[in-house]
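Here are a few notes to read alongside the structure. Keep the 3D view open and look up each residue as you go.

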Amino acid sequence: MRTYHQSTRRDLNCLKSDMVIKGRSGLGKSTFVNTLFKATVARRKSGEEEPLPSTTEVKTVSSSLSEGGVRLNLTITDTPGFGDHINNENCWEPIVSYIEAQYGRYLQEEQKVDRLLHIPDTRIHCCVYFIPPTGHSLSSLDVEVLQRLDKIVNVVPVVAKADTLTLEERAAFKERIRADLSDHAIKVYPLQEYEDLDDAPENMKIRERLPFAVVGSTTWHEIHGKKLLGRRSNWGLVEVENKSHNDFAYMRDMLIRTHMQDLIGSTAERHYENFRRARLSTKTTSKVNIVNGQDTDHMEDLNESKI
């Protein structure tokens, strides 16, 4: 199994995970989070319509949960307003800036002469990206945002409200999305090139199911004396945790059971290290250029829109 640097090790009885939920409004992000942890972590909008944010915002909520005897300190970050405007140019900037700001905060603490033995880790370990269940393909906005996110965070794509598609439509939609991801060189978690041989068979099964087609619900239904989470329709009950109905159970197991430690470790070893190397290289180059009287404006602008 993967081993981690000293700075990434955790007390096995207490884990801290930071997750970003990304997607347009109305895709059930809040319901998904509450379903995932069977607790009111994210609050849904009330019946009264809330005003649309003028720009994409970043909202964070923290909660301490228990899963299988392990205490989990979870931080969920949402981005209201994403993709909801007529002009969505650069609507990804707030979340990209937020993720990089967490890396910057960790790097600042790491470079202190008198630093803490355990640096508070607010780095984002996973981005769950919600895709509208259109049945077609990724939109140009989805492609552009994913191309930026996959370079700085572990991305897990999700087809929202999967019960709006038939099983045949769902399978075809997944195939189109996988093709889009490949065509646009978008890398999603888990990455094959970084996995251990022991993890390869399980990771292959996960990749075959990506993007996860999920159904969320906080409503309990009693069926034959057994209480089940699900969504009832005229033709029956879609059970949230039934693996033959949707991929929610597979995704939940990956996020908080089988792969949580790997998400934390891969964030530290890949995404944070890439950020750290680039930031320190920039500082070094800037100092040299200042001494030589040269212009230090050489950074590539990753936020320039291609839409």
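**Notes on the model**

1. Before anything else, check the confidence at the chain's ends. This is a predicted model. pLDDT stays under 50 over residues 296–300, and the model has seven contacts beyond four places in sequence for them. Residues 1–12 also have pLDDT under 50 throughout, with 27 contacts beyond four places in sequence.

2. Now for the overall confidence. The protein's mean pLDDT is 82. Of its residues, 78% reach a pLDDT of 70 or more.

3. Next, find the sheet. Three strands form an open sheet in the order β7-β8-β9, and the pairing is antiparallel. Which strands are at the edges? They are β7 (220–223) and β9 (236–239), each of which pairs on one side only. From one strand to the next, the twist averages 65°. As background, strands of a sheet pair through backbone hydrogen bonds, either parallel or antiparallel.

4. Zoom in on β8 and β9. Strand β8 covers residues 226–233, and four bridges join β8 to β9. If you want one pairing to look up, take Gly-230, whose bridge partner in β9 is Glu-239.

5. Then turn to the charged side chains. Side chains of opposite charge can pair when their charged atoms come close. How many salt bridges does a search of the whole structure find? The count is 14.

6. Try Asp-121 and Arg-123 as an example. These two form a salt bridge, with their closest N and O atoms 2.8 Å apart. Are the partners buried or exposed? Arg-123 counts as buried because its relative accessibility is 2%, which is under 20%. Asp-121 is buried too, with a relative accessible area of 7%.

7. Glu-109 and Lys-112 give you another setting. Their side chains meet in a salt bridge, at 3.0 Å from N to O. Glu-109 is partly exposed, at 21% relative accessible area. Lys-112 also counts as partly exposed, at 40% relative accessibility.

8. Helix α3 has a salt bridge as well. The side chains of Glu-144 and Arg-148 meet at 3.5 Å, N to O. Both residues sit in α3 (residues 140–149), and because they are four residues apart there, about one helical turn separates them. Glu-144 and Arg-148 are both buried. Elsewhere on your list should be Glu-110, Glu-273 and Arg-276, which are joined into one network by salt bridges that share partners.

Terms used
Residues numbered from 1 in each chain as written. Predicted model: local features only at pLDDT ≥ 70, side-chain atom pairs only at ≥ 80, totals over all residues. Heavy atoms only, no water. pLDDT = per-residue confidence, 0-100. Contact = heavy atoms within 4.5 Å. Pairing = 2+ DSSP bridges. Helix = DSSP H or I, 4+ residues; strand = E, 2+ residues; numbered from the N terminus. Axes fitted to C-alpha atoms, helices over the stretch in contact; angles between N-to-C directions. Salt bridge = Lys/Arg side-chain N within 4 Å of Asp/Glu carboxyl O. Buried < 20%, exposed > 50% of the residue type's maximum accessible area, 1.4 Å probe, protein only.
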